[in-house]
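Please open the model in a viewer and keep the selection panel at hand. The tour below proceeds stop by stop, naming what to select and what is found there.

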Amino acid sequence: MIDTSFAHRMAMRSLLPSFGVGMTQEVKIGMLVPLSGSVQSWGLPGYQGCQIWEDWLNRAGGLLIQGRRYPVRIIARDCGDDPDQALVLARELIWQDQVSLLMLLGGDYVAHLRDLLNDSRVLASTLLPSDLSPDMRYLIAPSEVHPVYNVTGVDWIGRNCPQVRRVALCSQRDGFGLPSLATYRAAFAASGHAICKDVQYAPEDTDVAAIVQPMLEEDPDLLCWCTSYTPMVHAMTEYAHAQGFRGKILSCTLDQYERLVARTSVEFMEGAIFQFPDFDDPALAEKAFFFNQPHSFYAEYQDRFPDSWSAVSWEYVAILDIWHAAVEKVGALNASAVLAAMKQMGQVNHAFGPAEWWGEEIFGISHALVGDWPVVQISKGKARIVEFGSVRGWLDQHEALLEAEMRQLGQLWHQKLAAPTVPQSLHPRVPGGAD
């Protein structure tokens, strides 16, 4: 079991003899993520968090492999909105830089990398388990099981907000939006909510009124943005506020929610639910996960990269921690050995506690780590965890609902594999008014 925290291993390492300290050969880790554009809040903050991890590990002596320590270097490339360019950069990271791990945000462009990942046999990670399929054996989702954890927010609302019955939801038609839409549909069906409006929009669509107004006209108790991109989440929330909506807001992410509080009101944002906590949350104080010091990480992050915390600031770090433990366990960087160590160690501690490998029925391969996930609510202008919901517990009862909704939207692995690969832009244009 990979159950020791990064901080604990660093502390123990200081008590042991320093074998091979100062090795000049670097272990390189690649990141192919959006560092600019409308989805940069799901890429750039993650790279910033990884810079902290890199500094911490190298100050502690580096990566220990068979008695020798090696410095690590994280190489980040901006995948932008061009799948062909993403493929070029992935080739450079794999063949030229010879990275031992390639971290991806994920989405429609991952299918464009299938042959490269298979030919190179490099271990790669994604934040979207919906990218997984049995024909990509070295692709894993060890940090985030998007969008399946969104069921925990809906389940919490069902048990704690009896006044919420009618739901209007919207989602963009792409690799982020469609799996998210399927998951929210399944979750609302399981909780007994009525979906009064279901809007799908093109990823490049920026006409917020055309999306949100039809939802408002159905008089919903709750507006759900699914996994819309950050600029759209902000623009749609501000539109709903301007139109006098007084119900509840639900979204997968709510990056820079402080700005939304300032541009709407504390009262309007009160009770909004999403899935990504600030790491100064008191509920994380007793959680034993990667660095085991979430408050310290959050404080250093805010000091070095102020006003940029997002849903992914820690997620790539969580991947690195699990990979780091497996590498030191087997004493090798070989993808097959490291992956086998991850899988054979059974239950793994991910960010919020014990997790298990899952995904065979939905993704065709059990390469996604599923455990508890936080439900976050805005209270008096500040995000606070209200519960750690059991994703595994929900799946044990309702996985058939999820599979049916994924099938209906063509998101099961074999449906996506049979569909023609048409690379999609990674990010839409910024909606008017969402600066």
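Begin by selecting strand E8, residues 166-172, which is mostly covered: six of its seven residues are buried. Buried here denotes under 20% relative accessible area, exposed over 50% and partly exposed in between, computed with a 1.4 Å probe on protein chains only. Helices (H or I, at least four residues) and strands (E, at least two) are DSSP runs, numbered from the N terminus.

The model is a predicted one, in which local features need pLDDT of at least 70 and side-chain atom pairs count only at pLDDT 80 or more, whereas totals for chains, interfaces and linings use all residues. Residues are numbered from 1 along each chain as its sequence is written, and side-chain values use heavy atoms, with hydrogens and water left out.

**The partner of E8**

Add strand E9, residues 194-201, which runs parallel to E8 and is joined to it by seven bridges. Two strands count as paired if DSSP finds at least two bridges between them. Within this pair, select Ala 168 and Lys 197 of E9, which are bridge partners.

**The cysteines**

How many disulfides does the structure hold? It holds zero, a disulfide being a pair of cysteine sulfur atoms within 2.5 Å. Select Cys 170: the nearest cysteine sulfur, that of Cys 226, is 6.4 Å away. Cys 170 has a relative accessible area of 0% and is therefore buried. Next, select Cys 224, whose sulfur lies 4.0 Å from that of Cys 226, its closest cysteine sulfur, which is too far for a bond. Cys 224 is likewise buried, at 0% relative accessibility.

**The five-stranded sheet**

Now display the open sheet of five strands, ordered E4-E1-E5-E6-E7 with parallel pairing. Strand E4 (72-78) and strand E7 (139-140) each have a single partner strand, so one side of each is left without a neighbour in the sheet. At the E7 edge, strand E6 (residues 123-125) pairs with E7 in the parallel sense over two bridges; here Ala 124 stands opposite Leu 139.

Two helices can then be added. Helix H3 (residues 83-96) lies across strand E1 (27-33), E4 and strand E5 (101-104), at about 175 degrees to E1. Helix H13 (residues 335-344) lies across E6 and E7, at about 50 degrees to E6. Axes are lines fitted to C-alpha atoms, for helices over the stretch in contact, and angles run from 0 to 180 degrees between N-to-C directions.

**A helix crossing**

Select helix H2 (residues 44-59) and helix H12 (residues 315-330), whose axes come within 8 Å and cross at roughly 35 degrees. Gly 46, Gly 49, Cys 50, Trp 53 and Leu 57 of H2 make the contact with Tyr 316, Val 317, Leu 320, Asp 321 and His 324 of H12, where contact means heavy atoms within 4.5 Å.

**Phe 274**

Move to Phe 274 in strand E12 (residues 273-274). At 3% relative accessibility, Phe 274 is buried. Beyond four places in sequence, the residues that Phe 274 touches include Cys 252, Leu 254, Tyr 257, Pro 374 and Ile 378. Gln 377, 103 residues away in sequence, is 6.5 Å from Phe 274, C-alpha to C-alpha.

**Confidence**

Finally, colour by pLDDT, the predictor's confidence in each residue from 0 to 100. The chain averages 88, and 88% of the residues score at least 70. Residues 1-22 have pLDDT below 50, and residues 421-430 stay under 50. Where pLDDT is low, the predicted coordinates should not be read in detail.
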